[in-house]
Amino acid sequence: MAKSKEKRVVVITGASSGIGKELKSMFESCGDYVLGLSRTNCGEGWRECDVTDAERVRAAIDAIGQEYGRIDILINNAGVGISGALELTEDADYERVMKTNVDGVFNVSRAAVKYMKRGAKIVNISSVCALFSLPFRSLYCAAKAAVNMLSFGLRMELRSSGITVVAVCPGEIKTGFTKHRIKNFATSERYGDRIEKATKGIDKKEDRRMDCKAACKKIYKIATKKKGAMYIVGFKYKLLNFVSRLVPVGAMVSATGSLMGGK
């Protein structure tokens, strides 16, 4: 990738693996200053930080702001998935999913904005699950839908400041995300073996998912060149999103439930 004319100050959360790690490498190859916020060491520029801890986030961002004087691009990538029946979800799992996916975006964005100037950009990694809810993925879908709404609202708030906010909704990508997803197979007479079947049905598609590097090239382009409010990564999901606008919501939900519900 071509080196940027001026070194940008780029902050990426969840930079120790998957999308975050690949994006960190891409920005570094362009000669940018890249600071990775994660709980585990992600190499040069690492700032140990749990995005769910508002005080630690504020301290990490303030240190970056004071050292570099600005933040040009913020990529909120840290996230965690979950599968299982909503009825049988443990409080601790609910809190972890919402705090990581939603509170994390809120905490880091709130702390970083004061160091962002006209032309800066916030990229929130959401998911196509924000657009198409799935059975036994409802909590994760709700968290990512919240990320989209937060992104759109913040975009409007910062418009006059010249700071752009975008939500990126990737489809299925080959990363360790599936492996580390919280999987709750607890069931009851109500669900039988549908929960396990639905979860394994999605997980077995791992080899057919989009290559991480290819997906990150698209996300990199969005982060550095595009101006829109939301982008879907993955052609079939773009097509599905188009189709979903043409049919009644009830019909879309019914079809998704039949296909993905583990029957």
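**Close-up 1. F136, a buried loop residue with a positive phi**. In this predicted model, F136 has a relative accessible area of 9%. Because that value is under 20%, F136 counts as buried. F136 belongs to the loop that runs between β6 (121-125) and α4 (138-158). The phi angle of F136 is positive, about 65°, although F136 is not a glycine. Most residues other than glycine have a negative phi.

**Close-up 2. T256 in helix α9 and its surroundings**. Helix α9 covers residues 249-260 and includes T256. The relative accessibility of T256 is 15%, so T256 counts as buried. A polar atom of the T256 side chain lies 2.9 Å from the backbone oxygen of M252. With neighbours within four places in sequence left aside, the residues in contact with T256 are S133, L134, P135 and G261.

**Close-up 3. A nonpolar surface patch that includes V243**. Six side chains are to be shown here: F235, L239, F242, V243, L246 and V247 make a nonpolar patch of about 610 Å² on the surface. V243, one of these residues, is placed in helix α8 (residues 235-244). V243 has a relative accessibility of 35% and therefore counts as partly exposed, a class that lies between the 20% limit for buried and the 50% limit for exposed residues.

Technical notes:
Residues are numbered from 1 along each chain as its sequence is written. This is a predicted model: local features need pLDDT of at least 70, side-chain atom pairs count only at pLDDT 80 or more; totals for chains, interfaces and linings use all residues. Side-chain values use heavy atoms; hydrogens and water are left out. Helices (H or I, at least four residues) and strands (E, at least two) are DSSP runs, numbered from the N terminus. Buried means under 20% relative accessible area, exposed over 50%, partly exposed in between (1.4 Å probe, protein chains only). A polar contact is a pair of N or O atoms within 3.5 Å; within protein, one must be able to donate a hydrogen and the other to accept it, and residues adjacent in sequence count only if both atoms are side-chain atoms. Contact means heavy atoms within 4.5 Å. Patches are made of residues with over 30% relative accessible area and no salt bridge: like charges are joined within 9 Å, nonpolar side chains (Val, Leu, Ile, Met, Phe, Trp, Tyr) within 5 Å. Accessible areas come from the Shrake-Rupley method with a 1.4 Å probe; for residues, only the protein chains shown count as cover. A salt bridge is a side-chain nitrogen of Lys or Arg within 4 Å of a carboxyl oxygen of Asp or Glu.
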